[in-house]
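Good morning. I will go through one structure today, starting from a single residue and working outwards. Please have the sequence and the model open.

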Amino acid sequence: MLFTWIYMSRALRAYDVAELDVMCSQFAARNDKAGVTGVLMKVGDHFVQVLEGEESTLLALVAKLLKDERHGDFHTLHRGPISERRFAKWSMRMMHLDRSYTVKAPAIAELRKIVRTVLSSQAFSDPELQRGAVVRMLMAIPRVIALDGESNPGSVRSAALVNHVA
Ligand SMILES: Cc1cc2nc3c(=O)[nH]c(=O)nc-3n(C[C@H](O)[C@H](O)[C@H](O)COP(=O)(O)O)c2cc1C
């Protein structure tokens, strides 16, 4: 069954952009073989990752992620079945959402703000707020991807996504 798993975690040391891009291309190469797609976002010292793939594949990957010492404080934001992939084109897409990037485009600034809400302690004490922010985040990602001139992988599917997460 096709599945999605969305989590946040905290980087256990500082990474520069080039380092993260190298790491992410290694993840992408593995995901390509395993049929996993998604995006990996970095905001401050947090990661937020959207994974898509067969349920059994994602379970095995999450077991590895839980043991990976490059990050900690793993927290699942959402997981469940999906009818189709939202990020079918991305075996793993790295998105740097730190402030230096947000000046470039309002869409990035918007996504950064939403991800910050997802990460906030306020969202954790209010599951409704967290779920709403996760849905908004997923809907905002395709707009940021589209900034690169790539076709938008998710816009037509966002309604289905909202139904699914909500
Ligand atoms: C933030 C973060 C995101 C990761 N994303 C992926 C991923 O999308 N796909 C993947 O295969 N490994 C990913 N990894 C790496 C896995 O944790 C693990 O190191 C990798 O799958 C190799 O595991 P193995 O050497 O035990 O086979 C990620 C690691 C971190 C810290």
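**From one residue to the whole chain**

I start with Met23, which is a residue of helix H1. Keep in mind throughout that this is a predicted model. Is Met23 buried, partly exposed or exposed? Met23 counts as partly exposed, because 15 other C-beta atoms lie within 10 Å, and the threshold for buried is 20 or more. Met23 also has a distant partner in sequence: Met94 is 71 residues away along the chain, yet the two C-alpha atoms are 9.4 Å apart in space.

Now the helix itself. H1 has 18 residues, and at 1.5 Å a residue they should span 26 Å; the end C-alpha atoms are 25 Å apart, so the expected and modelled values agree. How many of the 18 residues of H1 are buried? The number is one, so H1 lies largely in the open. After H1 comes Gly35, with a positive phi near 70°.

Next, the ligand. The shell around the ligand holds 14 residues, and the closest are Phe27, Arg30, Lys64, Asp68 and Arg70. Which elements give two or more residues to that shell? They are helix H1 (17-34), strand E3 (46-54) and helix H2 (55-67). Sorted by class, the shell has seven nonpolar, three polar and four charged residues.

Let me step back to the overall layout. The protein contains seven helices and five strands. Following the sequence, the pattern reads β-α-β-β-α-β-β-α-α-α-α-α. Of the 166 residues in the protein, 31% are buried.

Helix H6, residues 127-146, gets the same length check. Its 20 residues should span 28 Å at 1.5 Å a residue, and the end C-alpha atoms are 30 Å apart, which agrees. Which residues of H6 are buried? They are Ala133, Val134, Met137, Leu138, Met139, Ala140, Ile141, Pro142, Val144 and Ile145. As background, an α-helix has 3.6 residues a turn, so residues three or four places apart point the same way.

H6 is also one half of a helix pair. The axis of helix H4, residues 106-119, comes within 9 Å of the axis of H6, and the two cross at roughly 155°. That angle makes H4 roughly antiparallel to H6, because anything over 145 degrees is counted that way. The crossing of H4 past H6 is left-handed.

Three more residues before I stop.

Asp73 sits in strand E4, residues 71-81. Its phi is positive, near 50°, and Asp73 is not a glycine. Asp73 counts as exposed because it has 12 C-beta neighbours inside 10 Å.

Lys89 is in the loop between E4 and strand E5 (93-96). Lys89 has 13 C-beta neighbours inside 10 Å, so it counts as partly exposed. Where exposed means 12 or fewer, Asp73 has 12 and Lys89 has 13. The C-alpha atoms of Lys89 and Gly38 are 8.4 Å apart, with their positions 51 residues apart along the chain.

The last one is Arg99, in helix H3, residues 99-102. Is Arg99 buried or exposed? With 11 C-beta neighbours inside 10 Å, Arg99 counts as exposed. From Arg99 to Ala109 is 10 residues in sequence and 7.8 Å in space, C-alpha to C-alpha.

Technical notes:
Residues are numbered from 1 along each chain as its sequence is written. This is a predicted model: local features need pLDDT of at least 70, side-chain atom pairs count only at pLDDT 80 or more; totals for chains, interfaces and linings use all residues. A residue is near a molecule or strand if its C-beta atom, placed from the backbone, lies within 6 Å of it. Helices (H or I, at least four residues) and strands (E, at least two) are DSSP runs, numbered from the N terminus. Ala, Val, Leu, Ile, Met, Phe, Trp, Tyr, Cys and Pro count as nonpolar, Asp, Glu, Lys and Arg as charged, and the others, Gly among them, as polar. The expected span of a helix is 1.5 Å times one less than its number of residues. Axes are lines fitted to C-alpha atoms, for helices over the stretch in contact, and angles run from 0 to 180 degrees between N-to-C directions. Angles under 35 degrees count as roughly parallel, over 145 as roughly antiparallel, 65 to 115 as roughly perpendicular and the rest as oblique. A crossing is left-handed if the near helix is turned anticlockwise from the far one by less than a right angle, and right-handed if clockwise.
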